[in-house]
Amino acid sequence: MEAVKQETCNNSITLKGSAQLVSEFFYYGINSILYQRGIYPPESFTLKQQYGLTLYTTTDKGVKDYLNNVLAQIKDWLEAGNVQRLVLVVTNVDTKEVLERWDFDIQHDPSYGPQSIKEGKVTGKDLKVIQKEMRDVIRQITACVTFLPLLDCVCAFDLLVYTHKNAEVPEKWSESAPCFISNSQEVRLKSFSTSIHKVEACVSYKIDQ
Amino acid sequence: MSHLQFDANLNEALRMDGELTRGPIPRWQRKAQEQGIHSLNVNENSPYGQNTQWKSGIGILFIPNRSTTDLERSHHLLVSSMEASGGEKSEADELSLQQKEYQEKMSENLNDGQPQESRILSFKSKAPQAKEGYVNNLKVLYSAGKPTVPKAASVRHIPSVPEKVLDAPELLDDYYLHLLDWSVNNHLAVALSSSVYIWNAGDGAITPLVQLEAPDYVCSLSWIEEGNILAMGVSSGVTKLWDVGQQKLVRTMGGHQNRVTTLSWSSYILSSGSRSGQIFHHDVRIADHHVATLSGHTQEVCGLQWSPDGRHLGSGGNDNQVNIWEKGSTTPLHTLTEHQAAVKAVAWCPWQNNLLATGGGTADRTIRIWNCTTGICLKDVQTNSQPSVLQVSSVLWSSHYKELISGHGFSNNQLTLWKYPTMAKVADLTGHTGRVLKLCMSPDGQMVVSAAADETIRMWKCWGVDKKDKKQAGSGKGHPISMLARTIR
């Protein structure tokens, strides 16, 4: 009986675990986008095994630090249930025009509040199933290169986080414009769910005239 | 003003402690009047409270005790709630419901579908930009310009035009299918949608073999090593074996739920990969032909090849994985996930048994060479160093030279010859106007045939052997594999 109990514990996750998983997914997802869209030179990436895939992650110290800082904060917000959406915006450095928008919509199941950590409340969803769903989303991100237009200019990226109005905002963060694309086409991607957080992905890009 | 009057009336009606001035006379009064009793005494000492009436002959009439009810407060609450709803009403008058809805929608749209209680934040110190002078090398995906790549020195003449061009009407432009195979008897089998034709490379005769009934179409072709039996994977999930010499259907083998996209023979074992991701081994000699199921892929299997020594099977799938299976095993020896796109091109090296070459789709654009014993990637040709590798649809190893040929899609639709192991480019063979779908080698190893989405089949004499060389090859010289090495195992 004890063994069975432990096994179910191993396979299910708490709110903290879910926030960890989701922010980890963002790390690999964002790295994949940066590599696949050629925002940084391919030499600055290294291969890493994750979700049963081999993914490219950045070795550039600046980018790495930036991602770690942002994702650590996002993890805190995820635990508090304050983040609604994460958007990766690709802009043209010279004209500041927004060219691409990778949108990750996050839904938080309110029954898993901060209280649930103390209670040790866990979900029934198997970690393997969650990782499989994440793998499918990352595969789709990779496959997007086949239809997205070429980014034929020097590009930069930025991460926007949509939070609740009453979320605590650290000093290092500031308000931003939503950075919409004036003439865009939207493609919906697969979604995944840890059964605490549900993440729906979609990419919108500028249509060439 | 009518609503003010209404309010006054309502207030009056709602006052519970006021005198009843309207409405029908209560029953007890009516009865009393009928019986001639005109005055009602309020009995102060009544046990039922001051408002209780006791009248003999009429019966007990109970009026609840209201002393505990805070009438003032109830009235205030009622009235104030009425006022509140009234206030909203008047606001709604100014701004009709439709307008309000419109405003909400507008602000939602302006805010990207978010209700306004969210705020958009970004980290103040931004990520560093890519270093200056960096040009997005994905350009190769879109541009049609010829890339400049250092070429390997080659002493032999490689004709840049095809030896022969065959017309292939209705050849399906589907990356996952294998519609071409060349037998040891010099027969080239081609699947054009639902029909299969055999082109005799010796005399150029064309024989129609079979025409399937719609909506079935042929997904894959593979000749048995002896060259007399052609295996045919059909979209309905069955695999058919045809005796080509007698033009006779020998056997139909079911099992797959989905189309059979790829086939590979290893003596009497025919392996078939399906859209479901499963690979079946069929022993074609026995009645119960389905002898093993390999389920290592989660999506369509699009590349399948037995090694020349029959000890390993290499499979590539739409799940971007390459699996290497040992003969007789149903769990993969190695699962290689380095490719970033579907792997259709799978080829074993004819002169070194443990070398496997694989090529990925558009998102990957890489040719990788693996050591199948260790599962280590020995070489990878990527867009970084060779901006000419695009969607790889097929890879073949030469049996005469230490070279590989790869077929590509988009922009140039070319075939590229590579030196092994330096992976320097020897030549580009261009001519196709649609993406190259499949490559096959002639039985003598000198010619390569390519089928492309432009509905043509072209033959390239890229590995031609001079007569002089041939003599040397016969004596074991000038040949990559000496006869001695071939016999020693």
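Student: How many residues does each chain bring to the contact between chain A and chain B?

Tutor: Let's begin with the general idea: an interface's size is often expressed as the accessible area that is lost when the parts come together. Here we can count residues instead. In this predicted model, chain A contributes 45 residues to the contact and chain B contributes 31 residues.

Student: Which elements of chain B supply at least two residues each to the side that touches chain A?

Tutor: Those are β3 (118-123) and α5 (139-142) of chain B. The largest share comes from β3(B), with six residues. By type, the side of chain B that touches chain A has 12 nonpolar, 12 polar and seven charged residues.

Student: What does β3(B) pair with, and in which direction do the strands run?

Tutor: In general, strands of a sheet pair through backbone hydrogen bonds, and the pairing is either parallel or antiparallel. In this case β3(B) is joined by five bridges to strand β5 (residues 155-164) of chain A, and the two run antiparallel. To find the spot in the structure, look for Tyr162(A), which stands opposite Ile120(B) in β3(B).

Student: Let's turn to a sheet within chain B. In what order do its four strands come?

Tutor: The order is β21-β22-β23-β24 (chain B), forming an open sheet with antiparallel pairing. At the edges are β21 (343-348) and β24 (376-381) of chain B, each pairing on one side only. From one strand to the next, the twist averages 20°.

Student: How many bridges join β21(B) to β22 of chain B?

Tutor: Five bridges join β21(B) to β22 (residues 355-360) of chain B, and these strands run antiparallel. Within that pair, Ala345(B) stands opposite Gly359(B) in β22(B).

Notes. Residues numbered from 1 in each chain as written. Chains lettered and ligands numbered in written order. Predicted model: local features only at pLDDT ≥ 70, side-chain atom pairs only at ≥ 80, totals over all residues. Contact = placed C-beta atoms within 7 Å. Nonpolar A, V, L, I, M, F, W, Y, C, P; charged D, E, K, R; others polar. Pairing = 2+ DSSP bridges. Axes fitted to C-alpha atoms, helices over the stretch in contact; angles between N-to-C directions.
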